[in-house]
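Visitor: I'd like a close look at just one part of this model, the open sheet and whatever sits around it. Could you walk me through that in one go?

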Amino acid sequence: MTVLQVGPLMPFLEADLRELYAARRLPDPPDSFLDGPGAQVEVVVTSGRTGVDAGLMRRLPALRAIVNFGAGYDTTDVAEAARRGIAVSNTPDVLDDCVADTALGLIIDVMRGLSASDRYVRRGDWAAGGNYPLARKVSGARVGILGLGRIGLAIARRLEGFDCVISYHNRRRRDVPYRYVSTPVELAAEADVLVVAVSGGPQTRHLVSAEVIAALGADGFLVNIARGSVVDEPALVAALVAGRLGGAGLDAFADEPHVPADLLALDRVVLTPHLASGTTETRRAMADLVLANVAQFRKNGTLVTPIV
Ligand code: 8YV
């Protein structure tokens, strides 16, 4: 079975794919490969960073499966894949803990000012200027979770330990002990912190609109561990710069790895480089699930974790 790697992957996954399947990486420029050995490619392994668009699918006529490293697959044209009968898998479940841990870390950091106060100490401002300004209390805070899928639920479970008042908005109501709120604006209006945990893609583009950001207000915080596309980033930046939003903890951006320059100078913003699933344990588990999908596809033409 011919396996092609599209875009960068974890070095240990690249090595395993090479060893097990003699997988090659799509070269840049790709044309001589696509016009030659590309015709044999049956399985592509890619990640949420690169994905497979309709143009690439057209040029891989034997392609039957796209195996995605990552829970999110918004960079792959899944509608086109379905039309062509190409199966797609992702890596759900195994990263929920780490992504939820990161969400909690960002909530605590942005509300309590941990990263900003670390800079305060390093600059020598503590000795020179006295105590750090007061922050906001996390325990007992009202948290709105936008998207109560597996990751949203893992975040909620952790917040229970902080006695937070949890509400959520989701495509469908769930049988959970948290309050369902029917629109993102209402959710934001009654939350101290809004946590974005929906999938990316056209359906959720700019779900966190200027109106939602305004509803959070100058005392509210936004945490995004999902996709940059979900947030109207120019509106977010404008609100943060003008002090119309209390703060933000951001692990996802509209044009990664580029971060809006206006955010760099703001102490009430915590910026992390899309690291939510980035631990040795979780990235290994994601890689193992990718390998299990490829192995099962070779055996019987089905995937372990097909997208629904
Ligand atoms: C990335 C993620 O996939 O799972 C996701 O959806 O965003 C991350 O785990 C990972 O960084 C590889 O692109």
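Guide: Start at Gln5, whose bridge partner in E2 is Arg25. That pairing belongs to a bigger pattern: strand E1, residues 3–5, runs parallel to E2, and two bridges link them. Keep in mind that this is a predicted model. Zoom out and you get an open sheet of five strands, ordered E2-E1-E3-E4-E5, with parallel pairing. Strand E2 (24–25) and strand E5 (87–89) are the edges, each pairing on one side only. Helix H1, residues 11–21, packs on this sheet and touches E1, strand E3 (43–47) and strand E4 (65–69). The direction of H1 makes about 160 degrees with that of E1. Another helix comes from much later in the numbering: H13, residues 280–300, lies across E1, E3, E4 and E5. Against E4, H13 runs at about 170 degrees.

Now follow the chain out of the two edge strands. After E2 comes a loop leading to helix H2 (31–35), and Pro29 sits in that loop. The peptide bond joining Asp28 and Pro29 is cis, with omega about 5 degrees. On the other edge, the loop between E5 and H5 holds Asp93. Its backbone is worth a glance too: phi of Asp93 is near 70 degrees, a positive value in a residue that isn't glycine. Both spots stand out because most residues other than glycine have a negative phi, and most peptide bonds are trans. As for surroundings, Asp93 counts as partly exposed because 15 other C-beta atoms lie within 10 Å.

The ligand brings some of these elements back in. Around the ligand are Ser47, Gly48, Arg49, Phe69, Gly70, Ala71, Gly72, Leu95, His274 and Ser277. Ser47 falls within the residue range of E3, and Phe69 within that of E4. By character, that shell splits into three nonpolar residues, six polar and one charged.

For the wider setting, an unreviewed UniProt entry annotates residues 40–305 as "domain: D-isomer specific 2-hydroxyacid dehydrogenase catalytic". Over that span the chain is 38% helix and 15% strand, and its end C-alpha atoms are 24 Å apart. The UniProt record also marks residues 104–276 as "domain: D-isomer specific 2-hydroxyacid dehydrogenase NAD-binding", again in an unreviewed entry. There the figures are 35% helix and 16% strand, with the end C-alpha atoms 11 Å apart.

Methods: Residues numbered from 1 in each chain as written. Predicted model: local features only at pLDDT ≥ 70, side-chain atom pairs only at ≥ 80, totals over all residues. Pairing = 2+ DSSP bridges. Helix = DSSP H or I, 4+ residues; strand = E, 2+ residues; numbered from the N terminus. Contact = placed C-beta atoms within 7 Å. Axes fitted to C-alpha atoms, helices over the stretch in contact; angles between N-to-C directions. UniProt positions renumbered as here; feature names shortened; annotations may be inferred. Near = placed C-beta within 6 Å. Nonpolar A, V, L, I, M, F, W, Y, C, P; charged D, E, K, R; others polar. Buried ≥ 20, exposed ≤ 12 C-beta atoms within 10 Å, placed from the backbone.
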